Amino acid sequence: MQIWVDADACPNVIKDMLYRAATRTGTTLTLVANQPLNVPPSPHIRTLRVQTGFDVADNEIVRRCEAGDLVITADIPLAAQVIEKGAAALNPRGERYRPETIRERLTMRDFMDTLRASGIQTGGPAALGPRDRQQFASELDKWLLASQRG
């Protein structure tokens with residue numbers, strides 16, 4: 001079991017939590033991005049740089065992740081694809097994407113994209129707050145505990 005991170009858009013505070021968790025538990029953590037990343041030295045932390053382009057990092061994560069892995073992403077289509085492969089998906093706010101609700105999330109995302117394309121201002125997500133960070137840490141710990149139990 002390992003953790004994959006859609007790292008281009010992942011907040012630094014979440015990356016820091018992941019670095020500590022990977023080092024503490026010995027879990028392999030791979031950050032996938034189209035730009036160079038500075039990560040702490042650890043035998044458990046890797047980076048994978050991909051070419052710049054639409055969904056290049058997402059496609060690489062989907063290609064490499066396996067059932068039982070965890071993918072950190074705010075990208076709902078990416079979450080849907082890794083869930084289909086049997087991996088778990090968690091967004092940086094600590095929301096676990098679930099197989100039973102991912103289609104609904106995709107539909108809402110597409111609806112919001114349509115609104116934005118027609119010129120309607122929908123606003124962006126709120127800033128990541130302490131409650132979001134706490135929720136993320138809690139969900140990450142749940143996954144780590146479950147993966148260690150096998």
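Phenylalanine 136 is buried in this predicted model, with a relative accessibility of 0%. The residue is found in helix H5. Its contacts beyond four places in sequence are Ile14, Met17, Leu18, Ile72, Leu90, Asn91, Pro92, Arg93 and Gly94. One of these partners, proline 92, is 44 residues away along the chain. The C-alpha atoms of phenylalanine 136 and proline 92 are nevertheless separated by 6.2 Å.

Glutamate 139 is also found in helix H5. This acidic residue is buried, at 7% relative accessible area. Leaving out residues up to four places away, glutamate 139 touches Leu90, Gly94, Arg96 and Arg98.

The protein chain as a whole has 5 helices and 6 strands. Read from the N terminus, the order of elements is β-α-β-β-α-β-α-β-β-α-α. The C-alpha atoms fill a box of roughly 50 × 30 × 30 Å along the principal axes. The radius of gyration is 15 Å, which agrees with the value near 15 Å for a compact globule of 150 residues. Of the 150 residues, 38% count as buried. Contacts between residues at least 6 apart in sequence were also examined, and 50% of them join residues at least 24 apart.

The largest nonpolar core has 22 residues. Ile3, Val5, Leu18, Leu29 and Ile72 have the most contacts inside it. At least two core residues come from each of strands E1 (2–6), E2 (28–33), E4 (70–72) and E5 (88–90), and from each of helices H1 (12–25) and H5 (130–149). Helix H1 gives the largest share, 6 residues. Isoleucine 3 touches residues from widely numbered positions, including Leu18, Leu29, Ile72, Leu140, Trp143 and Leu144. A second, separate core has 18 residues. Val32, Ile61, Ala87 and Ala89 are among them.

Helix H2 spans residues 56–64. Its buried residues are Ala57, Asp58, Glu60, Ile61 and Val62. These pack against E1, E2, E4, strand E3 (45–49) and helix H3 (76–84).

Charged side chains were examined next. The count comes to 5 salt bridges. In helix H2, glutamate 60 pairs with arginine 63, the closest N and O atoms being 2.7 Å apart. The two residues are 3 places apart, about one turn of the helix. Glutamate 60 also meets arginine 64 in a salt bridge, at 2.5 Å from N to O. Here the spacing is 4 residues, again about one helical turn. Residues three or four places apart in an α-helix point the same way, because the helix has 3.6 residues a turn. Shared partners join Glu60, Arg63 and Arg64 into one network. The three members differ in burial. Glutamate 60 is buried, at 16% relative accessibility. Arginine 63 is exposed, at 56%, and arginine 64 is partly exposed, at 35%.

Another salt bridge links aspartate 141 with arginine 24, with the closest N and O atoms 3.3 Å apart. Aspartate 141 lies in helix H5 and arginine 24 in helix H1, so the pair ties together parts that are 117 residues apart in sequence. Aspartate 141 is partly exposed, with a relative accessible area of 39%. Arginine 24 is exposed, at 55%.

Lysine 15 has no such partner. This residue lies in helix H1 and is buried, yet has no salt bridge. The nearest side chain of opposite charge, aspartate 8, is 7.0 Å away, whereas a salt bridge requires a distance within 4 Å. Beyond four places in sequence, lysine 15 is in contact with Ala7, Cys10, Leu31 and Leu37.

Cysteine 10, one of those contacts, is buried at 7% relative accessible area. The structure holds 0 disulfides. The closest cysteine sulfur to that of cysteine 10 is in cysteine 65, 16 Å away, and therefore too far for a bond. Cysteine 65 is likewise in no disulfide. Its relative accessibility is 2%, so cysteine 65 counts as buried.

Note on methods:
Residues numbered from 1 in each chain as written. Predicted model: local features only at pLDDT ≥ 70, side-chain atom pairs only at ≥ 80, totals over all residues. Heavy atoms only, no water. Core = buried A, V, L, I, M, F, W, Y, C linked by side-chain atoms within 4.5 Å. Buried < 20%, exposed > 50% of the residue type's maximum accessible area, 1.4 Å probe, protein only. Contact = heavy atoms within 4.5 Å. Lys, Arg positive; Asp, Glu negative; His and termini not counted. Disulfide = S-S within 2.5 Å. Rg over C-alpha atoms; globule rule 2.2 N^0.38 Å.
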